[in-house]
Amino acid sequence: MERSDQAAPGFTAAMAQWISTVDDTAIRPAALLWARHALLDWLAVAIAASDEPLVRMLIAEHGGTNAPCTVLAGSRAHVADAALINGAAGHALDFDDVASAMRGHPTVPVAPAALAVAELERADGMDLLRALVIGHEVESRIGERIGDAQYRFGLHPTGTTGAIGAAAACARLMRLDPDRSAHALGLAATQAAGLKCMFGTMAKPLHAGKAAMHGVMAARLAARGFTANTAALECAQGFAATQAPDGEPLPIDFEPRGTMAIEKTLFKYHASCYLTHSTLEAVAQARRKHGIGLDDMDTMAILVSGPHRGVCDIAQPRTGLEIKFAIQHLAVMALDGVSTASLGNYTDQQATDPRLARARERVTLRTDQGGDRNTAVVEIRTRDGRTVRESANVAVPATDLDRQWQQLLAKAEAIVTPVLGGARFRRLADAVQTLDRLPSLDPLFEAIR
């Protein structure tokens, strides 16, 4: 029987040691505060998507009335299936957070996996917050080394690296020792998958759900003694070598850091692909500062970095889901004053609106291979001969965390209240805000069931 060679102890083993043994003295209070922000945001976008067709299909296929785990805003499922459904729901609207180091969406694979396992394990609030911090850290450390190579090859890090972050969070919640945690990381690594060609379809949110599901499966199987290559991340033909062969080699050690990865999370205030957000902010600045609208536009030129191509440049969107990845269409919507934060504006009718379709034909998308991947420059020529130029970069983590909490609370209230009602939303927000002091997760589950 062919067998993968086990490499000498390295990055996977060092990471597993950290996952199992890191204590609260090594996790900054600020990181736990960011974890509450990330959890509120993920819960909100997942609950808001609870009636999306893809979520209903997954519940029909994987739900079960007498199952032990909560599916957000109704239904039940077994632990791995709950992670699958809730993970896909959290990415269905493409309104969930992102992380530059990971090159993907960090909370959506980790939170649903951690939530399902925490429910089974009867974890407390601090257990859940700690698991979120650990999952984010693992994803970002891998993402930093692999870099853009994985993304350029057409792989979606939310589905690939995200599975490993989910496994790390679950391994910690289940209190696996370093050896079994290393096996869990290996089992997650061998299941990692997700193709960028699926952007704009239901399969993209499925990546997030499968990553969460794979993380749960990996930790639970490892707990039973199921084995994997315990050098799976760094070995020949391992995760890094196959996902990003020209990426930077993984280190031998896993060095602790003061500022943790979760403290660099970027939240979305437009319900579209994050690579469109700097452009939308630049257009909004042009509209606000220069008093122009869509009817004033003669032409528009958008300058962004190379990675936007093949991700958010659907030239002729046909569905509301495709709008989220159609930067030119979104730009004319924003110039017209259409709220790109409102979920109700991502419809098939909006995608095929004749006026918007004609306007987007006058929008040119240019890319700069060497430019800042997060900055967008928008130049608008008006019908009366003016040239308006604005730029924006949304990839800057917040420093005023009180303000960020209020912004996330407002976003969550707007999208959750229509589903749960005001009273249940307030209970949900209160449970998340006091999570570090909750001896049980019952108040959180009572709000979201």
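In the predicted model, D127 has a relative accessibility of 13% and therefore counts as buried, the limit for that class being under 20%. D127 belongs to helix α6, which spans residues 125-146, and R130 lies three residues further along that helix, about one turn away. The side chains of D127 and R130 meet in a salt bridge with an N to O distance of 3.1 Å. R130 is also assigned to the buried class, because its relative accessible area is 12% and the limit is 20%. The pair is part of a wider arrangement: salt bridges with shared partners join D24, D127, R130 and R175 into one network.

Helix α6 contains a further charged pair, E137 and R141, separated by four residues, or about one turn of the helix. The closest N and O atoms of the salt bridge between E137 and R141 are 3.0 Å apart. Both E137 and R141 are buried.

A salt bridge is also formed between the side chains of E144 and R257, at 2.9 Å from N to O. This pair links distant parts of the chain, with E144 in helix α6 and R257 in the loop between α11 (239-243) and α12, 113 residues apart. E144 counts as partly exposed because its relative accessibility of 32% falls between the limits of 20% and 50%. The value for R257 is 39%, so R257 is likewise placed in the partly exposed class. In total, the structure holds 24 salt bridges. Pairs of this kind can arise because side chains of opposite charge can pair when their charged atoms come close.

The strands considered next form an open sheet of four, in the order β4-β3-β5-β6 and with mixed pairing. Its edges are formed by β4 (363-368) and β6 (387-393), each of which pairs on one side only. On average, neighbouring strands of the sheet are turned by 15° against each other, with direction ignored. Within the sheet, β3 (residues 297-305) and β5 (residues 375-382) pair in the antiparallel sense over six bridges. One of the residues involved is M297, whose bridge partner in β5 is T382.

Two helices pack on this sheet. Helix α12 (residues 277-290) touches β3, β5 and β6, and its direction makes about 135° with that of β6. Helix α14 (residues 327-335) touches β3, β4 and β5, and its direction makes about 130° with that of β3.

Q285 is located in helix α12. Its relative accessible area is 19%, which means that Q285 is classed as buried under the 20% limit. Apart from neighbours within four places in sequence, Q285 is in contact with H290, E390, S391 and A392. The C-alpha atoms of Q285 and V378 are separated by 9.8 Å, although these residues are 93 residues apart along the chain.

Internal empty space was also examined. Three cavities of 30 Å³ or more are counted. The largest cavity holds about 270 Å³ of space. It is lined by 22 residues, of which R103, G104, Y151, Y274 and L275 are the closest to its centre.

The backbone was examined for unusual phi values. Most residues other than glycine have a negative phi. D94 is not a glycine, yet has a positive phi of about 50°. D94 lies in the loop between α4 (79-92) and α5 (107-121). With a relative accessibility of 3%, D94 is under the 20% limit and so counts as buried. Q237, also not a glycine, has a positive phi of about 65°. Q237 is found in the loop between α10 (203-223) and α11. At 75% relative accessibility, Q237 is over the 50% limit and therefore counts as exposed.

Technical notes
Residues numbered from 1 in each chain as written. Predicted model: local features only at pLDDT ≥ 70, side-chain atom pairs only at ≥ 80, totals over all residues. Heavy atoms only, no water. Pairing = 2+ DSSP bridges. Axes fitted to C-alpha atoms, helices over the stretch in contact; angles between N-to-C directions. Contact = heavy atoms within 4.5 Å. Buried < 20%, exposed > 50% of the residue type's maximum accessible area, 1.4 Å probe, protein only. Salt bridge = Lys/Arg side-chain N within 4 Å of Asp/Glu carboxyl O. 1 Å grid on protein atoms, 1.4 Å probe; cavity = no way out; pocket = protein on both sides within 12 Å on 5 of 7 lines; lining within 4 Å. Points joined across faces, edges and corners; volume = space filled by probe spheres on them.
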